[in-house]
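Here is a friendly walk through one protein model, feature by feature. Keep the sequence and the 3D view open as you read.

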Amino acid sequence: MSHIPTTFQSLSQGWTVTAANPTAVPQELRDAIAAGVPARVPGEVTLDLERAGLVPDPFDGDNEKHQQWIGDVDWHYTCTFDWPDDGNDRQDLVAYGLDTIAEVKLNGQSVGSASNYHRAYRWDIRELLRDKANVLDVFFTSSVRESDRLEQQRGYYPHTEHHAFNQIRKPSYQFGWDWGVDVANAGIWQPIGIDSWKGVRVDAVRPLVDVLPDGTGVLTATVEVERDLQGRITGVDKAHSSLPAVSVTVRLSGHGFDKTVQADVAQGRKAVTVSVKVPHAELWWPLGYGDQPLYDVSVEAGETASWTGRVGFRTTHVDTRADEIGRPFQIYVNNVPVHARGYNWVPIDAFITRGDRAFYAARFRDLVESNSNMVRAWGGSIYETDDFYDLADELGVMVWQDFTLACAAYPEDARTKADIEEEARYQITRLSPHPSLIVWNGSNENYVAYSGWPGYKQALRDDDRKPNAYGYGEKGWGDYYYSELFPELLAELDPTHVYLPSSPMSFTKFVDANKDTDGTMHIWDVWNGWDYRQYAQYTPRFADEFGYQAPPAWSTLNRVVHDKPFEAFGPQMLVHQKAMGGNYKLARGMRSHLTPGNIDDVSFNQDGTRNWLIPTDDWGNMEDWHWACQLQQAQAIRFGVEHMRSLEPVNAGALIWQLNDDWPVVSWAAVDYYGHRKPLWYASRDFFTPRLATLQPRISDKAWRDLSWEGKRPECDTTALVLLNDTRQAWSGSWTIERISLDGTVLASQTADVSLDAISHTAVVLNPDVAAFGDPSDELIVATPDRAGFARTILNGAEVVDQKLDSRPLSASVSKVDGGYRIGVRANAYVRDLFCMVDKVDHRATIDDGMATLLPGEEISWTVTSEDVDDPQGFVAPNVLRSANDLKR
């Protein structure tokens with residue numbers, strides 16, 4: 001919930017924007033922009049230009065490259081407003097978010113400057129404010145040009161991408177990323193207005209929680225106030241008292257509890273801390289582990305100042321103690337080990353001001369309905385919004401929040417240090433009430449970059465500085481923030497969260513910063529060069545980044561890409577594929593899974609150079625290529641996550657890169673920009689289920705005895721049914737495990753009775769006759785429980801390319817129902833990974849299920865939510881109702 005005070009009056013109307021350096025504007029637009037473009041506040045200049053008809057949709061076609069000039073312009077926002085005397089003594093101009101380098105003037109007089117996107121600014125303007133008409137001007141310096149200027153001034157600090165985003169405090173993603181559009185524009189991106197108050201205002205509240213061993217909840221609220229020393233403070237001699245005492249009350253209520261505590265901010269002090277105890281407090285739990293009760297907190301200071309918020313009682317800590325494998329990163333909530341499963345989150349929109357509550361709520365539905373219980377707000381983005389955190393609190397989604405320093409070295413000069421400290425103080429305080437916030441992370445990939453990226457340390461070398469441990473001088477590269485500043489500020493302001501300096505990070509000194517058995521890790525060699533089976537070679541203690549690409553929904557792709565012919569290497573298609581060699585990697589990754597060969601198969605040109613195979617050479621048309629890419633993404637990540645989860649409790653978390661897109665693009669997302677759920681999303685709903693059954697290769701006891709004495713890990717020689725119960729409720733039942741042929745004939749079987757305690761796991765080793773495939777291309781292993789709580793699991797004996805799949809394995813029907821249509825499917829043969837691309841028929845349509853696998857004779861019914869369509873049979877057309885089977889040729 002917003003903590004903007006009730007005394008704040010927003011200035012959101014009557015704004016116009018012009019170019020302060022009109023020569024940077026294309027000639028044909030100069031007159032129109034010089035006349036003033038109506039501007040929305042909060043908003044962004046590119047959107048203002050689009051609404052005015054001066055530029056087309058930045059996401060369409062190749063418009064991105066034609067609109068780069070916008071980032072080179074110095075933009076001038078101005079508005080005129082009336083201000084009547086309201087009887088208060090103090091008026092502050094408050095800007096909750098300016099993008100980014102700004103000078104602010106009121107009635108022609110300087111108010112102040114801003115240099116940080118990630119914090120609010122407050123200026124006392126009572127001496128500048130006029131009765132009636134006032135003119136407010138905000139002048140933005142081009143972030144692109146300013147970052148370049150500072151890089152020239154300070155010297156090069158290594159960074160990814162092509163802009164020097166690490167030179168200024170602006171979100172990195174806005175300069176473009178390997179999934180993001182380059183729209184480094186400007187604007188007043190958060191509310192701006194006047195806070196008119198008298199006597200005292202609440203400057204900050206930090207309502208921290210704890211839970212005692214007996215279940216008593218403890219609220220410890222620190223209230224900071226600001227006094228107006230030049231105003232009228234009743235009974236105070238202003239000449240002799242600088243900071244008079246201020247009465248403060250804190251009320252905590254909810255779930256049958258209601259208590260108010262009064263205290264004074266003492267004379268000469270700016271803050272007071274009060275405590276409230278709640279006997280037998282209702283505890284806040286992550287999704288799947290319990291409920292999410294929230295308590296209301298209200299604060300009053302002086303006669304009129306107030307603040308409201310919510311808290312949830314919970315404790316959290318992380319176990320990183322060394323064990324026989326390495327060091328874990330095991331999160332505990334309320335002293336219960338929690339397996340974190342979920343996604344990384346990128347900005348909800350490249351133009352962040354379009355991210356309203358409904359937009360956030362839709363993406364959080366995607367999280368919750370996929371059985372995710374954690375989301376990571378990545379460090380190249382923003383400190384996420386109030387809507388984001390309110391939804392996380394209410395729904396039980398744990399949040400891992402990066403400080404916004406990513407994939408770069410960051411200067412440690414006095415100006416940058418001061419900027420980042422103010423930003424961190426502001427955001428730590430702002431986010432302190434939220435029970436969903438579990439992890440603060442100092443940076444994204446900045447330790448692993450320093451330790452391992454080619455040329456990184458050489459670029460930081462500075463022989464004029466004191467020699468470091470390696471014997472040469474080095475510029476500060478950001479470690480001060482991660483190892484000193486952030487932990488010190490968290491200890492001072494909010495020590496109730498987990499903190500780690502960087503991600504990935506090993507906790508043992510002098511080891512690989514991205515070591516799988518130590519701390520957290522990012523796995524990118526799979527996407528960038530290795531077959532996805534490589535996931536099985538890792539023992540990740542906590543994998544907080546790994547992913548695999550696929551195109552967005554067919555309707556999304558066709559909405560923004562207009563190449564003729566429509567193919568994977570069309571010029572507009574490549575604008576919407578930002579990853580280096582992305583479409584080649586998609587094609588290579590399919591080798592031995594969906595297409596013949598191996599990932600390293602290449603042909604050679606006449607001059608001897610390598611010629612990586614063109615993606616669409618493997619498919620007869622773009623629709624097959626599109627489906628194959630989406631299927632490959634789902635299968636790759638399913639393989640990886642099921643392997644990781646099967647290692648529980650050694651593995652304590654798996655966060656996929658990424659949930660969402662900030663524009664229409666080929667990317668690692670499970671849900672595309674327009675909200676279409678890819679096959680990966682449906683697969684994740686299955687492999688993120690709190691109770692997971694998975695058939696995994698294992699090493700038999702005999703192999704360990706016979707071979708491990710050589711000091712080498714034996715090869716897996718058997719299969720086990722691994723059962724994971726990540727809930728606080730026990731489960732017991734019987735499993736039937738069968739090896740069958742694709743036509744359903746049972747070839748071997750066994751049964752096993754299983755009892756699982758809360759938060760536990762077990763494995764059932766398959767009998768040799770069940771585990772050993774006779775003809776892998778024509779056989780499956782199927783494990784089925786006799787009661788609810790677990791879903792059936794299937795192990796395919798062969799990859800799609802080698803499997804004896806019937807290319808026409810099903811019959812389907814469509815019938816009209818209220819709100820849409822019902823699709824009925826009957827399997828006439830084995831159907832592998834059935835998926836319906838309903839957006840091809842109606843781009844607004846949604847479907848309630850997907851990525852189902854059917855044995856012969858089984859039936860399934862899905863519901864499509866859609867407006868009436870001309871031809872409902874389109875929902876079961878061969879190019880819409882897809883399965884792995886129809887990739888067989």
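Helix α5 (residues 357-369) and helix α6 (residues 386-395) have axes that come within 10 Å and cross at roughly 40 degrees. Helices here are DSSP runs of H or I with at least four residues, strands are runs of E with at least two, and both are numbered from the N terminus. Axes are lines fitted to C-alpha atoms, for helices over the stretch in contact, with angles running from 0 to 180 degrees between N-to-C directions. The crossing of α5 past α6 is right-handed, a label used if the near helix is turned clockwise from the far one by less than a right angle. On the α5 side, the contact (heavy atoms within 4.5 Å) uses R357, Y360, A361, F364 and V368. From α6 come D387, F388, D390, L391, A392, E394 and L395. That contact has eight nonpolar residues, no polar ones and four charged ones. Ala, Val, Leu, Ile, Met, Phe, Trp, Tyr, Cys and Pro count as nonpolar, Asp, Glu, Lys and Arg as charged, and the others, Gly among them, as polar.

A quick word on the model: it is predicted, with local features needing pLDDT of at least 70 and side-chain atom pairs counting only at pLDDT 80 or more, while totals for chains, interfaces and linings use all residues. Residues are numbered from 1 along each chain as its sequence is written, and side-chain values use heavy atoms, leaving out hydrogens and water.

Now for the cores. A nonpolar core is a set of buried Ala, Val, Leu, Ile, Met, Phe, Trp, Tyr and Cys residues joined through side-chain atoms within 4.5 Å. Buried means under 20% relative accessible area, with a 1.4 Å probe and protein chains only. The largest core has 151 residues, and W345, F403, F486, F546 and I637 touch the most other members. Helix α15 (residues 622-646) gives the most to this core, with eleven residues. Apart from it lies another core of 41 residues, including W15, V37, V73 and W75. Leaving out residues up to four places away in sequence, F546 touches I523, W524, Y535, I637, V641, M644, A654, L655, I656 and W657.

Helix α16 (residues 679-687) is largely enclosed by the rest of the structure, because seven of its nine residues are buried. Those buried residues are P679, L680, W681, Y682, A683, S684 and F687.

Next, the strands. Two strands pair if DSSP finds at least two bridges between them. Here are three antiparallel pairs:

| Strand pair | Bridges | One bridge or opposite pair |
|---|---|---|
| β13 (residues 200-211) and β14 | eleven bridges | L208 with T220 |
| β14 and β17 (residues 271-278) | eight bridges | A221 with V274 |
| β15 (residues 246-254) and β16 | nine bridges | V246 opposite V265 |

Strand β14 (residues 217-227) has eight of its eleven residues buried, so it is largely enclosed by the rest of the structure. β13 and β14 form a hairpin with five residues between them, and G215 in the turn has a positive phi of about 90 degrees.

β15 and β16 also belong to an open, antiparallel sheet of four strands in the order β16-β15-β18-β19. Each edge strand, β16 (257-265) and β19 (305-311), has a single partner, so one side of each is left without a neighbour in the sheet. The twist averages 15 degrees from one strand to the next.

Where does S142 lie? S142 is in the loop between β10 (132-141) and α4 (143-154). S142 is buried, with a relative accessible area of 2%, and touches G71, D72, V73 and D74, not counting residues up to four places away in sequence.

Note on methods. Buried < 20%, exposed > 50% of the residue type's maximum accessible area, 1.4 Å probe, protein only.
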